[in-house]
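Q: Could you take a close look at one part of this model for me? I'd like a connected walk through a single helix and what sits around it.

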Amino acid sequence: MRLSLKRRRDGSRLAGGHGRRAEAPESERDDVVAASETVTLVLGEDSPLPESAADVEDLVFRLRGHVAQLGARADPGIPALLRAQQLCSDSIPEGFVRSRVYLVRLAEATQKLTAYVERGGSGPISVEGGRRWRRPTVNVLRGAVFALAMACLVFAASVPRT
């Protein structure tokens, strides 16, 4: 399955060479959504690898544009921004595998930068001034289920039979 990238290139802001748009809440959200869509093109489970070098160059061009747009709204010096800018300054490596690996790394860095800008900074996401709990890992959940099963087994074994 091949994705057509040329259609989007014609309608994208980046190819037109337009200047930076006025910062409005809608445009900020649009930048984050556009970056997320481009990252999904690269990192999505159903997304195929780009077939040609031109497709890789187009995706890298888009991701670099998103990093520039999101970087202007992020705090200078944060690790996500520095990593994304460092990858943007590198040239696209030659070769099929190396260029695709570079593309994936750039998309992952853009994804982290997008998450930073979307939540509005490096602090934890606040919910009405309350505290947000961290999601438990899969191994913690597995351990809790195992402990519950063992407790049920011990309880069932300790009940006298009549």
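A: Helices here are DSSP runs of H or I with at least four residues, numbered from the N terminus. Keep in mind that this is a predicted model. The part to zoom in on is helix α6, which covers residues 96-119.

Start with its length. α6 has 24 residues, and at 1.5 Å a residue they should span 34 Å; the end C-alpha atoms are 35 Å apart, so the two figures agree.

Now for what is covered and what isn't. Val97 sits in α6, and it counts as exposed because its relative accessibility is 58%, where the cut-off for exposed is over 50%. Val97 also belongs to a nonpolar surface patch, together with Leu49, Phe96 and Val101. That patch has about 380 Å² of accessible area in total.

Elsewhere in the helix there is a list of buried residues, including Ser99, Tyr102, Leu106, Thr110, Leu113 and Val117. Thr114 is a good one to follow: it lies in α6 too, and with a relative accessible area of 4% it is buried, since buried means under 20%. So what is around Thr114? Setting aside neighbours within four places in sequence, Thr114 is in contact with Val32, Ala35, Ser36 and Leu70. Within the helix, a polar atom of the Thr114 side chain lies 2.7 Å from the backbone oxygen of Thr110.

Finally, look just past the end of α6: Gly120 takes a positive phi there, about 85 degrees.

Key: Residues are numbered from 1 along each chain as its sequence is written. This is a predicted model: local features need pLDDT of at least 70, side-chain atom pairs count only at pLDDT 80 or more; totals for chains, interfaces and linings use all residues. Side-chain values use heavy atoms; hydrogens and water are left out. Patches are made of residues with over 30% relative accessible area and no salt bridge: like charges are joined within 9 Å, nonpolar side chains (Val, Leu, Ile, Met, Phe, Trp, Tyr) within 5 Å. Accessible areas come from the Shrake-Rupley method with a 1.4 Å probe; for residues, only the protein chains shown count as cover. A salt bridge is a side-chain nitrogen of Lys or Arg within 4 Å of a carboxyl oxygen of Asp or Glu. Helices (H or I, at least four residues) and strands (E, at least two) are DSSP runs, numbered from the N terminus. Buried means under 20% relative accessible area, exposed over 50%, partly exposed in between (1.4 Å probe, protein chains only). A polar contact is a pair of N or O atoms within 3.5 Å; within protein, one must be able to donate a hydrogen and the other to accept it, and residues adjacent in sequence count only if both atoms are side-chain atoms. Contact means heavy atoms within 4.5 Å. The expected span of a helix is 1.5 Å times one less than its number of residues.
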